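Student: I would be grateful for a close look at a single part of this structure. Please describe it in one connected account.

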There are 2 protein chains.
Amino acid sequence: MAHSIDEVLKVHGLKITSTRKRVLGLYYQSDHALAHSDIEGQLDGEFDRVTLYRTLAAFEEKGIIHKVLDESGSVKYSLCNSSCQEDRHQDHHLHFQCEKCGNTFCLEGVHIPAPELPGGYQLSDWYMLAKGICQSCAVA
Amino acid sequence: MAHSIDEVLKVHGLKITSTRKRVLGLYYQSDHALAHSDIEGQLDGEFDRVTLYRTLAAFEEKGIIHKVLDESGSVKYSLCNSSCQEDRHQDHHLHFQCEKCGNTFCLEGVHIPAPELPGGYQLSDWYMLAKGICQSCAVA
DNA sequence: TCTTTAAATGCAACAGCGTTTCAGTAAAAA
DNA sequence: TTTTTACTGAAACGCTGTTGCATTTAAAGA
Ligand SMILES: [Mn+2]
Ligand SMILES: [Mn+2]
Ligand SMILES: [Zn+2]
Ligand SMILES: [Zn+2]
């Protein structure tokens, strides 16, 4: 890891607080996207739930994490790669939701090119989700 | 239209009720995906909100409508094409969410092929969302 | 190091989405 | 027409996410 957690926060112009250090630590440890409820579960009662929502919003705004859409019904986030900026996220990779464990993974190795649009539509961003069985669940 | 609304309900093994006729009518009229809140708004007070949720769930289960994921945070649905079955939806087309009007459109003409997955992942379904400005909003 | 200030936090309250249970009603089958 | 089955309406509930406001804490300045 090139930067420590404290440095990541500092670089993105965020005050270094215990909430932010704990939450960001969870994202660095996880191999799949985490929702607010996951964070709340792992940090049982350590912080107020509103603070956690605001922490996630701040991280997203600064380009530290990005939203991961899936069919779970709640918003998940994953760490952004280094090319993500505060104003512009660059994460055109595949997202994979496992139907067994429910986890959703960023498959950064699978690049998703821009789709061709019919005339009259103007493209600004795109997103791809695959579903199936993940590596861990496949062997189990 | 090959079938009337009543016939569509009958063919899919659903009782023909006034709720279902009104709701399905809205989907046939709309050029974009409709959420529960849209339905509720257009049928102001005509039916109980729980009934509308159950109506949508029944339509989806029978392959009449399919879920349309976007960033709106609530579940939207659109009419399935004729190749959709009760057990298996076949709608690998592009979905487009307009950042101006918020509407999400099924672009049935834009086919989305299966993504290539890294070893160990098993694919069962996939989904693609594009964002930008829709035709109507682009000219306005 | 102490003080100031700007930002982050905790708490309470609230709104929206979606589900469950159960009693009453309506559609379809007999 | 009667019986059966499924659908509906109403109330209650849980979960997700937001807002306002008072308090606390981090960081900057003296
Ligand atoms: Mn990702
Ligand atoms: Mn569609
Ligand atoms: Zn899995
Ligand atoms: Zn539009």
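Tutor: Both A:His66 and A:Cys106 are buried, a word that means under 20% relative accessible area, with exposed over 50% and partly exposed in between (1.4 Å probe, protein chains only). This is a predicted model, in which local features need pLDDT of at least 70 and side-chain atom pairs count only at pLDDT 80 or more, while totals for chains, interfaces and linings use all residues. Residues are numbered from 1 along each chain as its sequence is written, chains are lettered from A and ligands numbered from 1 in the order in which they are written, and side-chain values use heavy atoms, with hydrogens and water left out.

The two buried residues belong to a metal site. The manganese ion (ligand 1) has as its protein donors A:His66 (NE2), A:His93 (NE2), A:His95 (NE2) and A:Cys106 (SG), which lie 2.1 to 2.3 Å from it. Donors here are N, O and S atoms within 2.8 Å of the metal (3.2 Å for Na, K and Ca); water is not among the atoms, so sites may look incomplete. Along the chain, the donors of this ion follow the spacing H-x26-H-x1-H-x10-C. A:His66 lies in strand S2 (residues 65-68) of chain A and A:Cys106 in strand S5 (residues 104-111) of chain A, so the pair ties together parts that are 40 residues apart in sequence. Helices (H or I, at least four residues) and strands (E, at least two) are DSSP runs, numbered from the N terminus.
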